[in-house]
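Please open the model in your viewer and keep the selection tool at hand. The tour goes from the whole chain to a few chosen residues.

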Amino acid sequence: KQVASHLGGTRNGTIVHWPGGIKGKGEIRSQFCHVIDIAPTVLEAAGLPEPKAVNGIVQTPMEGVSMVYTFDDANAPSRHTTQYFEIFANRAIYHEGWVAATVHKAPWEATPRHKLTEDVWELYNVDEDFSETNDLAASNPEKLKELQALFMKEAEKYRVLPIDDRVIERFDPAMAGRPDLMAGRKSLTVYSGMTGMMENAFINVKNQSKTITADVEVASSANGVILCQGGRFGGWSLYVVNGKPAYTYNHVGLHQYTIKSTEALAPGKATIKLEFAYDGGRGKGGTATLFINGKKVGSGRVEQTNANIFSADDAADVGVDEGTNVSSAYKQHGNKFTGKIEKVRIDTK
């Protein structure tokens, strides 16, 4: 998936089903299309204009081309004639049946093969060479230079530049040197119903000490998640099992460190606090301590933590763990908190 430079990693079949709008049945279309063409296609098929603003926010114009023109004309000339590709500095350019491409670093390689300016480019005529088996870079250097120049033009137009070939560092805004919505924030208060908060929109708790303070109200023997972040392959969760609070830190899906309360919550209102005293450094461990209404009810070690990212798609949730379950102590579904959550505050040091 990371090798955006060759069609073998990016070319996929697409099925379009529209009985009321497409005359042909079981036919194939071979015009060049891209995933960014799907939204314009749906809008044209539905007879809807492209939104210029959403909730008062002016939108960047869509960059795709509607595929509707192909539906009733299998031989229509392709209207999507140029497309750049770039992921982790693996890059390519398609233009009118030609592809110029370079692999800067394969996913399994620890370091790039060359400097960006020294990458080896390949050239293919994909109209004649579907599987990109005949590299024409040596025999047609002028065409290669033409496409390389076009890539830079498209990269500038569509904000690809500067090309960044770092991998792990890019997950950390401070290390990557990009703006961060949560930069400098040391406290965040969240409430019941706030789910799907992606990592860049949630306070950063990595590589530092933190305190989670949850004000809740329960009946007898409460269960469920109070606050979590991440999922089965990395994250943390503050939850309750049979009335007893617990905290699990999931280190990249390899280890689950769980601290359990020795006491159950009494019916009524309560304040549950989790204090995590970090050892220092990056990806190191720490000591987690649980409190109920100020009383220490459990403590234990977390030997390793996630230094750079919890998950690309499992988010932070209040009152439930909506994605994959951080902890094996509760199920992936049916883990909604059975009590009432007034608020949860996260503080970092």
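What follows is a series of stops, each with something to select and a description of what is there.

**The whole chain.** Begin with the full protein in cartoon view, bearing in mind that this is a predicted model. The secondary structure consists of 4 helices and 17 strands, and the C-alpha trace spans about 75 × 50 × 35 Å along its principal axes. The radius of gyration is 26 Å, whereas a compact globule of 349 residues would have one near 20 Å. Of the contacts with a separation of 6 or more, 60% are between residues 24 or more positions apart.

**Surface and charges.** Switch next to a surface display, where the accessible surface comes to about 19,100 Å², with 53% of it belonging to carbon and sulfur atoms. Buried residues make up 45% of the 349 residues. If you then colour by charge, you will find 39 positive and 41 negative side chains, the centres of the two sets lying 10 Å apart.

**Gly300.** Select residues 295–302, which form strand β15, and pick out Gly300 within that strand. Leaving aside residues up to four places away in sequence, Gly300 touches Ile259, Gly286, Thr287 and Ala288. For a distance across the model, add Val240, which is 60 residues from Gly300 along the chain and has its C-alpha atom 17 Å from that of Gly300.

**Aromatic pairs.** Now show the aromatic side chains, among which there are 8 aromatic pairs. Select Trp18 and Phe71, an edge-to-face pair with 6.2 Å from centre to centre and 75° between the planes. This pair links distant parts of the chain, 53 residues apart, since Trp18 sits in the loop between α1 (7–10) and α2 (38–46) and Phe71 in the loop between β2 (57–58) and β3 (82–87). Trp18 is partly exposed, at a relative accessible area of 33%, while Phe71 counts as buried at 8%.

Move on to Trp236 and Tyr247, whose ring centres are 6.5 Å apart and whose planes meet at 35°; the pair is therefore tilted, as planes from 30 to 60 degrees apart are neither stacked nor edge-to-face. Because Trp236 lies in strand β10 (residues 234–241) and Tyr247 in strand β11 (residues 244–251), the pair ties together parts that are 11 residues apart in sequence.

Are these two residues, Trp236 and Tyr247, buried or exposed? Trp236 is buried, with a relative accessible area of 0%, and Tyr247 also counts as buried, at 0% relative accessibility.

Methods: Residues are numbered from 1 along each chain as its sequence is written. This is a predicted model: local features need pLDDT of at least 70, side-chain atom pairs count only at pLDDT 80 or more; totals for chains, interfaces and linings use all residues. Side-chain values use heavy atoms; hydrogens and water are left out. Helices (H or I, at least four residues) and strands (E, at least two) are DSSP runs, numbered from the N terminus. The radius of gyration is taken over C-alpha atoms; the globule rule is 2.2 Å times the number of residues to the power 0.38. Buried means under 20% relative accessible area, exposed over 50%, partly exposed in between (1.4 Å probe, protein chains only). Contact means heavy atoms within 4.5 Å. Accessible areas come from the Shrake-Rupley method with a 1.4 Å probe; for residues, only the protein chains shown count as cover. Lys and Arg count as positive and Asp and Glu as negative; His and the chain ends are not counted. The place of a charge is taken as NZ of Lys, CZ of Arg, CG of Asp or CD of Glu. Rings of Phe, Tyr and Trp (its six-membered ring) pair if their centres lie within 6.5 Å; planes under 30 degrees apart count as stacked, over 60 as edge-to-face and the rest as tilted.
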